[in-house]
Amino acid sequence: MMMNRLKAALGAVTVGLLAGTSLAHAQDADADLIKQGEYVARLGDCVACHTALNGQKFAGGLSIKTPVGTIYSTNITPDPTYGIGTYTLQEFDEAVRHGIRKDGSTLYPAMPYPAFSRMTPEDIKALYAYFMHGVEPVAQKNQAEDITWPLSMRWPLSIWRTMFAPAPKAFTPAPGTDPEIARGEYLVTGAGHCGACHTPRGFAMQEKAFDAAGGPDFLGGGGVIDNWIAPSLRNDPVVGLGRWSEDDLYQFLKSGRTDHSAVFGGMADVVSWSTQYFTDADLHAMAKYLKSLPPVPPARGDYTYDASTAQALDSGSVTDNAGAKIYLEQCSACHRNDGGGVARMFPPLAGNSVVVTDNPTSVAHIVVAGGVLPPTNWAPSAVAMPGYKTILSDQQIADVVNFIRSAWGNKAPANVTAADIQHLRMDNAPIPTEGWANATAATATWGLFMPQPYGAGWTFAPQTHAGVDAAQ
């Protein structure tokens, strides 16, 4: 009898140890899944969009102004009342990859579910685990959209989704694709949703292409976003990345600055809240993929530096050029007479693709309002440019913008007017280009409502955290 009890006791201990080991393995597996999900959330930059200025992490409330009104990002913490705490994995997948929220209505495409539609089930499962178990719940009510009826009706969004959003399908690379390039393609076209800003949009706000199969439109340069132009990520040597190396791209995504460029506007949030946390392998994969994209016809040939501008500024021979005189007095200390700037501090203006885009809003906006080069883990110094809207007149700002766009071999149209600057300064309105504010084929009246541009003229203004909040 005693022997039988001893055997039973030993058996119970053994079972208990095995059970404890299994539980430990399960907990480790869950912890690993949550950690993977946290990284996927960084890939998608969920935190920047779903955190209000000075707000709580993932609790929503960030303002996004659109041509039809203002919408606000939602609470995606696991709070059961105001967040997504009652979502099942399937319902979470429906929202992220299909654009359908729990009540069956369609999400506004400000949520980039057309890009997320190619995310893998493994990443979605990890992301779900992170939001359900790795994020603190916040009982913050969602803010209602500020959109006038009938544009506020949700049901037309389901038609839009049917017409323009890709059917969800996990990304699979083309046979024979280099594994590193394939990973880069997944990051750029999927979780990273780079095309949401850098691909032009059509008449219904839809992205014109979702990958390289869409031709030169893919990542060919987007519209105005909070008065910044999202430039082309293709290999055009003047308005794109043709003169960037893979290492330039890697450094830019990691630190927000290279010897010939610096991050600004909404991209400052992308770097400081998202890409600086990527693994080196993923950053190199993205850079390699972008440099592997098929060539596009150069819109303006190649760039050739013209030293005559620097010579004129060095000699002070600027009396006949109002813009050059202002540049010499206000800008040259940082950006230098040769337009070369200071490496990794003040970006060069000579040959800068942002300076020479067809639309001059970016360069005009930074002169008017200033900008912040945010600190990152890899470049901890913050650098700020002051705004000149109270220092220079509208005409003076127009003059210096036109000078910068046509100096040092830059061959952009020098046609910004004082009226353009006044609208930008007072109304926060982007500088119009052909078809934006004119009653042409590129304008829709929306019946009795205010005229709204569409197609290339769609403008968005999401709030950005740069200069307001430290990276979360």
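The following exchange goes through the salt bridges, nonpolar cores, backbone angles and helix packing of a predicted model.

Trainee: On what basis are residues numbered and values counted here, and which pLDDT is needed for local features?
Mentor: Residues are numbered from 1 along each chain as its sequence is written, and side-chain values use heavy atoms, with hydrogens and water left out. Because the model is predicted, side-chain atom pairs count only at pLDDT 80 or more, while totals for chains, interfaces and linings use all residues, and local features need pLDDT of at least 70.

Trainee: How many helices and strands does the protein have?
Mentor: Helices (H or I, at least four residues) and strands (E, at least two) are taken as DSSP runs and numbered from the N terminus. On that basis the protein has 17 helices and twelve strands.

Trainee: What share of the residues is buried?
Mentor: Buried means under 20% relative accessible area, exposed means over 50%, and partly exposed lies in between, with a 1.4 Å probe and protein chains only. Of the 472 residues in the protein, the buried share is 47%.

Trainee: How many salt bridges are there?
Mentor: A salt bridge is a side-chain nitrogen of Lys or Arg within 4 Å of a carboxyl oxygen of Asp or Glu. Some are linked in a network, as with D178, E180 and K288. By this rule the count comes to 13.

Trainee: Is D103, which forms a salt bridge with R101, buried or exposed?
Mentor: The closest N and O atoms of D103 and R101 are 3.0 Å apart. R101 has a relative accessible area of 28% and is partly exposed. D103, at 54% relative accessibility, counts as exposed.

Trainee: How many residues apart in sequence are the parts that R118 and D211 tie together?
Mentor: The side chains of R118 and D211 meet in a salt bridge, at 3.4 Å from N to O. R118 lies in the loop between helix 4 (113-116) and helix 5 (121-133), and D211 in the loop between helix 8 (195-198) and strand 4 (224-225), so the parts that the pair ties together are 93 residues apart in sequence.

Trainee: Which helix holds both E329 and K325?
Mentor: E329 and K325 form a salt bridge whose closest N and O atoms are 2.7 Å apart. E329 is exposed, at 52% relative accessibility, whereas K325, at 40%, is partly exposed. The two are four residues apart and therefore separated by about one helical turn, within helix 13 (residues 322-330).

Trainee: Which helix gives the most to the largest nonpolar core?
Mentor: A nonpolar core is a set of buried Ala, Val, Leu, Ile, Met, Phe, Trp, Tyr and Cys residues joined through side-chain atoms within 4.5 Å. The largest has 59 residues, and those with the most contacts inside it are F58, F92, M119, F131, L219 and L290. With six residues, the helix that gives the most to this core is helix 5.

Trainee: Which residues does F92 touch, leaving out those up to four places away in sequence?
Mentor: Contact means heavy atoms within 4.5 Å. With those sequence neighbours not counted, F92 touches I84, Y87, I124, L127, Y128 and F131.

Trainee: Where is M205, whose phi is positive, found?
Mentor: Phi of M205 is near 75 degrees, a positive value in a residue other than glycine. M205 counts as buried at 18% relative accessibility. Its place is the loop between helix 8 and strand 4.

Trainee: Are helix 13 and helix 16 roughly parallel or roughly perpendicular?
Mentor: Axes are lines fitted to C-alpha atoms, for helices over the stretch in contact, and angles run from 0 to 180 degrees between N-to-C directions. Angles under 35 degrees count as roughly parallel, over 145 as roughly antiparallel, 65 to 115 as roughly perpendicular and the rest as oblique. Helix 13 and helix 16 (residues 394-406) pack at about 90 degrees, with their axes 7 Å apart. The two helices are therefore roughly perpendicular.

Trainee: How far apart are the axes of helix 16 and helix 17?
Mentor: In this contact D394, Q395, I397 and A398 in helix 16 meet A418, I421, Q422 and R425 in helix 17. Helix 16 and helix 17 (residues 418-427) pack at an angle of about 110 degrees, and their axes are apart by 8 Å.
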